[in-house]
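Let's take a walk through a protein model together. Have a look at the chain below, and then we'll start with one residue and work outward.

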Amino acid sequence: MSVRFDVAAHPGALAYRLLAGLVVPRPIALVTTVDAAGRPNAAPFSFFNVLGTEPPIAGFAPADRDDGTPKDTTANLLATRECVIHLCDEPLAARMVECARGLPPGESEIARAGLTTRAAERVRPPILAECPVALECRFLDHRRYGENHLFVVEILLAHVRDGLADPATWKVDPAYAPVGRMHSPDGYVRTTDRFRHRVPAGLIRALSTGASPRSRSRPAAGPRRRTSRPRPRLRPEPGGAVARGAAAYPRPCSGGLGGWCR
């Protein structure tokens, strides 16, 4: 037996209270941007995730302020079209939350939170030096649905704290433990309580490539030919839409086969 909640009839505060408490845990993006004058801003968003890997893209959804005006992250990203997405571990949780404080435009949350910056390599927004992961990104697409802004960005370069990812295999070490978002307003979760679940043999290849076993199958007879796949190219269309220049091939977004967290 279940209880029905008519979410479509109650958008806004009630929908947020329910959905933000049900769809958990969520990763948190601490996003740095700059305005047209080059002044930096930082803000956390938990309506966020990696959306694909060929090309590597991520998405996050900042809501407007209570008075209906866009938040600094929205205004900055539309103006300068670049950002850096950071992931935070538990020692940074308090400073990450401090960056959610609403400050006047142009006033930096970074200094207030006691964070330090260093220059990024391919984009103008700064990297927060204390964060274990920083993803340099450029704008791909923006859509508005009511009071929701949805941004899609391409990940250009990842900066990972030494020891958390193998530069030879690109495999992430289990020691990496970013915090996640739970119920509103003050629920957070550690990702250190983990378990492993055996992956059936028929699914191993699917999980390791992001494709179904059937879609990766080959004919039983005939020589195997090695072919190279073109890298998908994204080009902006009028109005902010994105056109795909080649087929995409999804890849996994988990930390490893059979790895899950409570």
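## Starting at Glu130

Let's begin with Glu130, which is partly exposed: its relative accessible area is 21%. For a residue to count as buried, that figure would have to be under 20%, so Glu130 doesn't make the cut at 21%. Keep in mind that this is a predicted model. You'll find Glu130 in the loop between strand 8 (127-128) and strand 9.

What does Glu130 touch, once residues up to four places away in sequence are set aside? Its contacts are Leu92, Arg95, Gly114, Leu115, Thr116 and Arg161. Take Arg161 as an example: it sits 31 residues from Glu130 in sequence, yet their C-alpha atoms are 9.2 Å apart in space.

## The whole chain

Now zoom out. The chain has 262 residues, and 35% of them count as buried. Its secondary structure comes to five helices and 16 strands.

Contacts across long stretches of sequence show up in the totals too. Take the contacts between residues at least 6 apart in sequence: 59% of them join residues at least 24 apart. On the outside, the chain exposes about 16,400 Å², with carbon and sulfur atoms supplying 56% of that area.

## Two nonpolar cores

Let's go inside. The largest nonpolar core has 20 residues, and the ones that touch the most other members are Phe60, Cys83, Ile85 and Val153. Strands 2 (29-34), 3 (40-45), 5 (56-60), 6 (82-87), 9 (133-145) and 10 (148-160) each put in at least two residues. Strand 9 is the top contributor, with four.

Ile85 is a good one to click on. Leaving out residues up to four places away in sequence, Ile85 touches Ala29, Leu30, Val31, Phe48, Ala58, Phe60, Val133, Ala134, Leu135, Cys137 and Val153. There's also a second, separate core, made of 13 residues, with Ala42, Cys99, Ile110 and Ala113 among them.

## Helix 2 and Asp72

Which residues of helix 2 (residues 72-80) are buried? They are Asp72, Thr73, Thr74, Asn76, Leu77 and Thr80. Just after the helix comes Arg81, which takes a positive phi of about 65 degrees.

Asp72 belongs to helix 2, and its relative accessible area is 14%. Since buried means under 20%, Asp72 counts as buried. Not counting residues up to four places away in sequence, Asp72 touches Thr33, Asn41, Arg65, Leu103, Pro104, Pro105 and Glu109.

## A three-strand sheet

Here's a sheet you can trace by eye. Three strands make an open sheet in the order 1-11-12, with antiparallel pairing. Strand 1 (26-27) and strand 12 (188-189) stand at the edges with a single partner strand each, so each has one side without a neighbour in the sheet.

Strand 11 (residues 180-181) is joined to strand 12 by two bridges. Look there for Gly180, which stands opposite Val189 in strand 12. In general, strands of a sheet pair through backbone hydrogen bonds, in either a parallel or an antiparallel way.

## A nonpolar patch outside

Last stop: the surface. Val3, Phe5, Val7, Leu19, Leu22 and Val23 make a nonpolar patch of about 580 Å². Val7, one of these residues, lies in the segment before helix 1 (13-22).

Is Val7 buried or exposed? The answer is in between: Val7 is partly exposed, with a relative accessible area of 31%. Patch residues need over 30%, so Val7 qualifies at 31%.

Definitions and conventions: Residues are numbered from 1 along each chain as its sequence is written. This is a predicted model: local features need pLDDT of at least 70, side-chain atom pairs count only at pLDDT 80 or more; totals for chains, interfaces and linings use all residues. Side-chain values use heavy atoms; hydrogens and water are left out. Buried means under 20% relative accessible area, exposed over 50%, partly exposed in between (1.4 Å probe, protein chains only). Contact means heavy atoms within 4.5 Å. Accessible areas come from the Shrake-Rupley method with a 1.4 Å probe; for residues, only the protein chains shown count as cover. A nonpolar core is a set of buried Ala, Val, Leu, Ile, Met, Phe, Trp, Tyr and Cys residues joined through side-chain atoms within 4.5 Å. Patches are made of residues with over 30% relative accessible area and no salt bridge: like charges are joined within 9 Å, nonpolar side chains (Val, Leu, Ile, Met, Phe, Trp, Tyr) within 5 Å. A salt bridge is a side-chain nitrogen of Lys or Arg within 4 Å of a carboxyl oxygen of Asp or Glu. Two strands pair if DSSP finds at least two bridges between them.
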